[in-house]
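Student: I've got a structure open and want to check the reasoning behind some labels. Can we go through them?

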Amino acid sequence: MKVIKNRDISLGLNISSKLLEAKASQKIKMGEFDFAIGKALAVKLVKAMAYQFREVHILNDGASRDGVQTIMRVELQDMDSKMDVTSGFTTVSAESYTRIALRAELIDAVDGKVMWVGTSQVNQTGGVTEAQILTYQEAGRGFAAGFDGAIDKAIGDILSQMNRSQNLRDYFKTLESAAKE
């Protein structure tokens, strides 16, 4: 049987305002679409970190760093999105394209030393195809599926890089040992 065990470390998570405010907006012939990609990414990132660490402190808005052992800063380097609706002979398709580039770094809360840096750049398409009639809501769900996939891939890529880093594993062992003493 496999066991999922989170690290016995208190993480302070700082998500840049640029990332939090990131939106995908576009006006097309069906109407205007706005997706709060940054907020969705932030929610999924907090959840992912909660699975990885004993405690997660959200450090935005000048929150106290008391009890935080390591700090993770996450920034949006770049984002691009496109939405389109295409009519065929018997079908109508709504497709989205998303490119998200993130940068994350873990910093020791005591000495301020950067312990790890990871970057992720993902491209994702998504959409929906319907026979003859495509409503505004169905198109929106199709667009959202592509954005959701891009967010999941970007966060998964950052987590994968963290888990593969031997330097970071050694740092986490040092933090956990110090906490037990």
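Student: Why does alanine 50 count as partly exposed?

Tutor: Its relative accessibility is 42%, and partly exposed is the band between buried (under 20% relative accessible area) and exposed (over 50%), with a 1.4 Å probe and protein chains only. So alanine 50 gets the middle label. Bear in mind that this is a predicted model, where local features need pLDDT of at least 70, side-chain atom pairs count only at pLDDT 80 or more, and totals for chains, interfaces and linings use all residues. Residues are numbered from 1 along each chain as its sequence is written, and side-chain values use heavy atoms, without hydrogens and water.

Student: What makes glutamine 161 buried?

Tutor: Glutamine 161 comes in at 16% relative accessibility, so it counts as buried.

Student: Which residues does glutamine 161 contact, leaving aside neighbours within four places in sequence?

Tutor: Trp116, Gly118, Thr119 and Ser120, where contact means heavy atoms within 4.5 Å.

Student: Why is H3 called roughly perpendicular to H4?

Tutor: Helix H3 (residues 136-164) and helix H4 (residues 166-180) pack at about 70°, with axes 5 Å apart. Roughly perpendicular covers 65 to 115 degrees (under 35 is roughly parallel, over 145 roughly antiparallel, the rest oblique), so H3 and H4 earn that name.

Student: Which residues make that contact?

Tutor: Met162, Asn163 and Arg164 of H3 meet Gln166, Leu168, Arg169 and Phe172 of H4.

Methods. Axes fitted to C-alpha atoms, helices over the stretch in contact; angles between N-to-C directions. Helix = DSSP H or I, 4+ residues; strand = E, 2+ residues; numbered from the N terminus.
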